[in-house]
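Have a look at the sequence and the model below, and turn the picture around a few times before reading on. We will then walk through it together.

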Amino acid sequence: MADDKKPPGTRRDKEGGTGLVLEERTRTKKPPMYKVLLHNDDYTTREFVVWVLQTVFHKSEGDAIAVMSHVHNNGVGVAGIFTFEVAETKVGKTMALAKEQQYPLQLSIEPSE
Ligand code: TYC
């Protein structure tokens, strides 16, 4: 079979025969991803939450305001989706910044799907 006639994700077998074998993987396996959840409270200022979403989570001002408003109105919202290590680092940084200002802001991590 000509190379341009074989299905994507397949290759010729080792012996150079006409059989097709599945690629082990076309790309590296995707790591499991985790949501960082932001929780509402009555004391942390809206301004601080927007600032944290911009500086730690690299959101635009508009997106930061949208996420903060969603959390304020619904109790919880997604700040971002990351690998576990990155999620943990962002939660740690945000909690430390909140603690410095004596805000009770809470975040949590949950598997994404
Ligand atoms: N509810 C807070 C207020 O009215 C604002 C707020 C939004 C706090 C999101 C925490 O994760 C939060 N000042």
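What follows is a short tour, from the whole chain to one helix, then a pocket, and then a few single residues.

Keep in mind from the start that this is a predicted model. The protein contains 3 helices and 5 strands. If you follow the sequence from beginning to end, these elements come in the order β-β-β-α-α-β-α-β. Of the 113 residues in the protein, 27% are buried. It also helps to ask how far apart in sequence the touching residues are. Among contacts with a separation of 6 or more, 61% join residues that are 24 or more positions apart.

Now find helix H2, which runs over residues 61–74. H2 has 14 residues, and the distance from its first C-alpha to its last is 20 Å, close to the 20 Å expected at 1.5 Å a residue. Which residues of H2 are buried? They are Ala64, Val67, Met68 and Val71. Looking down the axis of H2, you would see these buried residues within an arc of 95 degrees, so they line one face of the helix. There is a simple piece of geometry to remember here. An α-helix has 3.6 residues a turn, so residues three or four places apart point the same way. On the other side of H2, you will find Asn73 and Asn74 exposed.

What covers the buried residues of H2? The cover includes strand E3 (34–39), helix H1 (46–55) and strand E4 (76–82). Just after H2 comes glycine 75, with a positive phi near 95 degrees.

Let us move to helix H1. Its buried residues are Phe48, Val49, Val50, Val52 and Leu53. These pack against E3, H2, E4 and helix H3 (84–100). Threonine 55 also belongs to H1. With a relative accessible area of 35%, threonine 55 is partly exposed. The C-alpha atoms of threonine 55 and threonine 94 are 9.5 Å apart in space, while the two residues are 39 residues apart in sequence.

Next, look for the largest pocket, which holds about 180 Å³ of space. It is lined by 14 residues, and the closest to its centre are Asn40, Asp41, Thr44, Val49 and His72. E3, H1 and H2 each give at least two residues to this lining. H2 provides the largest share, with 3 residues. What kinds of residues make up the lining of the largest pocket? There are 6 nonpolar, 5 polar and 3 charged residues.

One of those central residues, threonine 44, deserves a stop of its own. Threonine 44 sits in the loop between E3 and H1. Is threonine 44 buried or exposed? Its relative accessibility is 11%, and buried means under 20%, so threonine 44 counts as buried. Leaving out residues up to four places away in sequence, threonine 44 touches Val49, Tyr103, Pro104 and Leu105. Tyrosine 103 is 59 residues from threonine 44 in sequence, yet their C-alpha atoms are 5.2 Å apart in space.

Lysine 90 gives us another buried residue to examine. It lies in helix H3, and its relative accessible area is 13%, which is why lysine 90 counts as buried. Apart from its neighbours within four places in sequence, lysine 90 is in contact with Val56, Phe57, His58 and Phe82. Lysine 90 and valine 56 are 34 residues apart along the chain, and 6.5 Å separates their C-alpha atoms.

Let us finish with the backbone. Most residues other than glycine have a negative phi. Against that background, histidine 58 stands out: its phi is positive, near 55 degrees, and it is not a glycine. Histidine 58 lies in the loop between H1 and H2. With 63% relative accessibility, histidine 58 counts as exposed. Glutamate 113 also has a positive phi, of about 65 degrees, without being a glycine. You can find glutamate 113 in the segment after strand E5 (106–111). At a relative accessible area of 92%, glutamate 113 is exposed.

Conventions. Residues numbered from 1 in each chain as written. Predicted model: local features only at pLDDT ≥ 70, side-chain atom pairs only at ≥ 80, totals over all residues. Heavy atoms only, no water. Helix = DSSP H or I, 4+ residues; strand = E, 2+ residues; numbered from the N terminus. Expected span 1.5 Å × (residues − 1). Buried < 20%, exposed > 50% of the residue type's maximum accessible area, 1.4 Å probe, protein only. Arc of directions from axis to C-beta. Contact = heavy atoms within 4.5 Å. 1 Å grid on protein atoms, 1.4 Å probe; cavity = no way out; pocket = protein on both sides within 12 Å on 5 of 7 lines; lining within 4 Å. Points joined across faces, edges and corners; volume = space filled by probe spheres on them. Nonpolar A, V, L, I, M, F, W, Y, C, P; charged D, E, K, R; others polar.
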